[in-house]
Amino acid sequence: MDGFWTNVGRYMSYFVTVILGVLLTLARGLGRLWQRPVTAVATVSLLVSGISLLYFTLLAMLGQ
């Protein structure tokens, strides 16, 4: 049973490493879009519309 918890710990650290890698890659890509004002406005509007779409969809699904 000792080896089981060692493997669980390894998978958790692997999971955290993968998530951080994905977030850093996305941040680097978004950082390039922030360099020009036109793409910065488009990026912000896409992020806001995506978050609001998710929010209102979940609100409608919960019946509130």
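What percentage of the 64 residues in the chain do buried residues make up? Buried residues, defined by a relative accessible area under 20% (exposed being over 50% and partly exposed in between, with a 1.4 Å probe and protein chains only), account for 3% of the 64 residues. The structure is a predicted model, in which local features need pLDDT of at least 70 and side-chain atom pairs count only at pLDDT 80 or more, whereas totals for chains, interfaces and linings use all residues. Residues are numbered from 1 along each chain as its sequence is written, and side-chain values use heavy atoms, with hydrogens and water left out.

The chain contains two helices and zero strands, assigned as DSSP runs (H or I of at least four residues for helices, E of at least two for strands) and numbered from the N terminus. For helix α2, which covers residues 37-62, the 26 residues at 1.5 Å each should span 38 Å, the expected span being 1.5 Å times one less than the number of residues; the end C-alpha atoms of α2 lie 37 Å apart, in agreement with this value. Just after α2, G63 adopts a positive phi of about 75°.

The radius of gyration of the chain is 19 Å, against a value near 11 Å for a compact globule of 64 residues, where the radius is taken over C-alpha atoms and the globule rule is 2.2 Å times the number of residues to the power 0.38. Along the principal axes, the C-alpha atoms fill a box of roughly 55 × 40 × 5 Å.

The chain exposes about 5,900 Å², of which carbon and sulfur atoms supply 75%, with areas from the Shrake-Rupley method and a 1.4 Å probe. V22, located in helix α1 (residues 2-33), is partly exposed at a relative accessible area of 44%.

Two aromatic pairs are found in a search of the whole structure, a pair requiring ring centres of Phe, Tyr or Trp (its six-membered ring) within 6.5 Å, with planes under 30 degrees apart counted as stacked, over 60 as edge-to-face and the rest as tilted. F4 and W5 form an edge-to-face pair, 4.9 Å centre to centre with 75° between the planes; Y55 and F56 likewise pair edge-to-face, at 5.2 Å and 70°.
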